[in-house]
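Here is a short tour of one ligand and the protein around it. Take a moment to look at the picture before reading on.

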Amino acid sequence: MFAKKRKVAVGSIAVAGVLAVTGCSGGTTAAPTGSSEGDRGPITIVQGKDLSGFLDQTLADWNEEHPDEQVRLIELPESADAQRAAMVQNAQTKSDEYDVLALDNVLISEFAANRWIEELPEDEFDLDEMLPPVIETATYADKLFSMPFQSDGGMLYYRTDLLEAAGIDGPPTTWDEMADDCEKILALPEAKGVSCYTGQFEKYEGLTVNFTEAVNSAGGHILDADGNPDVDNEGAKAGLQHLVDWFENGLIPADAITFKEEESRRAFQAGELVFHRQWPYQYALANAEDGSSEVAGKFAVAPLAGLDGPGTSTLGGRNLGISAFSKHKATALDFIKFYAGYDQNRQFLDLTGQAPVYAGIYDDPEMIEKYPFLPVLKESILGAIPRPKVVAYGDTTMAIQDAAYSAITGKATVDEALAALQQKLSSIIE
Ligand code: GLC
């Protein structure tokens, strides 16, 4: 476990030493001692598309207080892979266009090891208020390189109306129970055209998430306790076999092979699914009463299902980092403190329904009333297993996607896919 509130070794990386003395928390602060005025000025924050409109208000609030240090949003495409590609390219060309990066939490090791992001002064952040698995994603080599502002945990969305119509009194905890429930539900006249289950199975980062969830939910693993590739195990086989079987028998519909988060969200909201593995961002959208969702008021969420009991989520989320090529790192640090602070994080949940990073927000009665999924989400995140924390994450996830995709599309058997994956991971991860 990463030590909290440990003092940063001043000077180990220039900016951490310099910025550690700013001691500010989002208000207007003097230029840090030892740095020039040049460390301050306009900045950009780069992240995936803001579908909520939340950021407009947040950035306007900051800009009003900081007329000479305005922040501008640069929006990247929706898929996690496209976001990574843009950020890697920006770093490789040493461009100063991006100042604050909203990085998928799996990318911290890669960006830190390549010195594409700066070490942060950890004693200036309230890390001990955060959910422990979330803090773990923020570090590299036991040093803080990013500040989480959004977490993510998978949950099982299910149609309460259909379960009730079939006389089923609660959501399933195992895959077999889910299959039994679907057999009953899909026989009902009101379930015409409905499929049992989907997650996200297009060949992209979401497939890595869904595959690792299946593996972990069957008691398997990708890496052993020492971090070495060890994917040719019984649990991993059972997890992947489950996905293969459900594609074969139609419990997962064939078009799920084209689903990222937004495609599967639309299918669930069109009333085409009984069960759906999804992140929390869908909850408010699926409950919208403006005609965009057929299932408003007709669903609830539960923990993911697994082989012998409740399943295990893969940990998602995003962390803020400062680009090594930013010209205004002091402003970038102040902005991160503001944007990832407790109050903004509570507002972030309030306005977007996305998972906050501070434990206390999950226990806030007002928020639970508005977002009843918070207790389930908190458990999902606390029990979540991170994806491999490795420097060569791009190659690692590509290898995982290749293996999972070849099995679920019937191009390789489960044994072949996992043997090939083990071999590839052994050559990628030292
Ligand atoms: C969500 C998660 C992120 C993950 C992505 C996969 O955005 O927060 O961690 O990589 O989904 O599609």
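The report below goes from the place of the ligand to its neighbours and its polar contacts.

## Where the ligand sits

Let's begin with the location, keeping in mind that this is a predicted model. The ligand sits in the largest pocket.

Domain 1 (12-152 + 315-382) and domain 2 (155-314 + 388-429) both contribute residues to the shell around the ligand, so the ligand lies between these domains.

## Who is around it

Try finding the neighbours in the structure: the ligand is surrounded by Asp 104, Asp 152, Tyr 204, Glu 205, Gly 206, Glu 261, Trp 279, Gly 316, Gly 317, Arg 318 and Arg 387. Sorted by class, this shell holds 6 charged, 3 polar and 2 nonpolar residues.

Which elements supply at least two residues of the shell each? They are helix 8 (205-216) and strand 11 (316-322). Strand 11 gives the largest share, with 3 residues.

## Polar contacts and burial

Three side chains are worth a closer look. In the side chain of Glu 261, an N or O atom is 2.6 Å from an oxygen atom of the ligand. For the side chain of Arg 387, the distance from such an atom to a ligand oxygen is 2.8 Å, and for that of Arg 318 it is 3.1 Å.

How much of the ligand does the protein bury? Taken alone, the ligand exposes 310 Å², and the protein buries 93% of that.

Notes
Residues numbered from 1 in each chain as written. Predicted model: local features only at pLDDT ≥ 70, side-chain atom pairs only at ≥ 80, totals over all residues. Heavy atoms only, no water. Near = heavy atom within 4 Å. Polar contact = N/O pair within 3.5 Å; in protein donor to acceptor, adjacent residues only side chain to side chain. Areas by Shrake-Rupley, 256 points an atom, 1.4 Å probe, with all protein chains shown as cover. 1 Å grid on protein atoms, 1.4 Å probe; cavity = no way out; pocket = protein on both sides within 12 Å on 5 of 7 lines; lining within 4 Å. Sits in = over half its atoms within 2 Å of the grid points. Helix = DSSP H or I, 4+ residues; strand = E, 2+ residues; numbered from the N terminus. Nonpolar A, V, L, I, M, F, W, Y, C, P; charged D, E, K, R; others polar. Domains from an automatic or database assignment.
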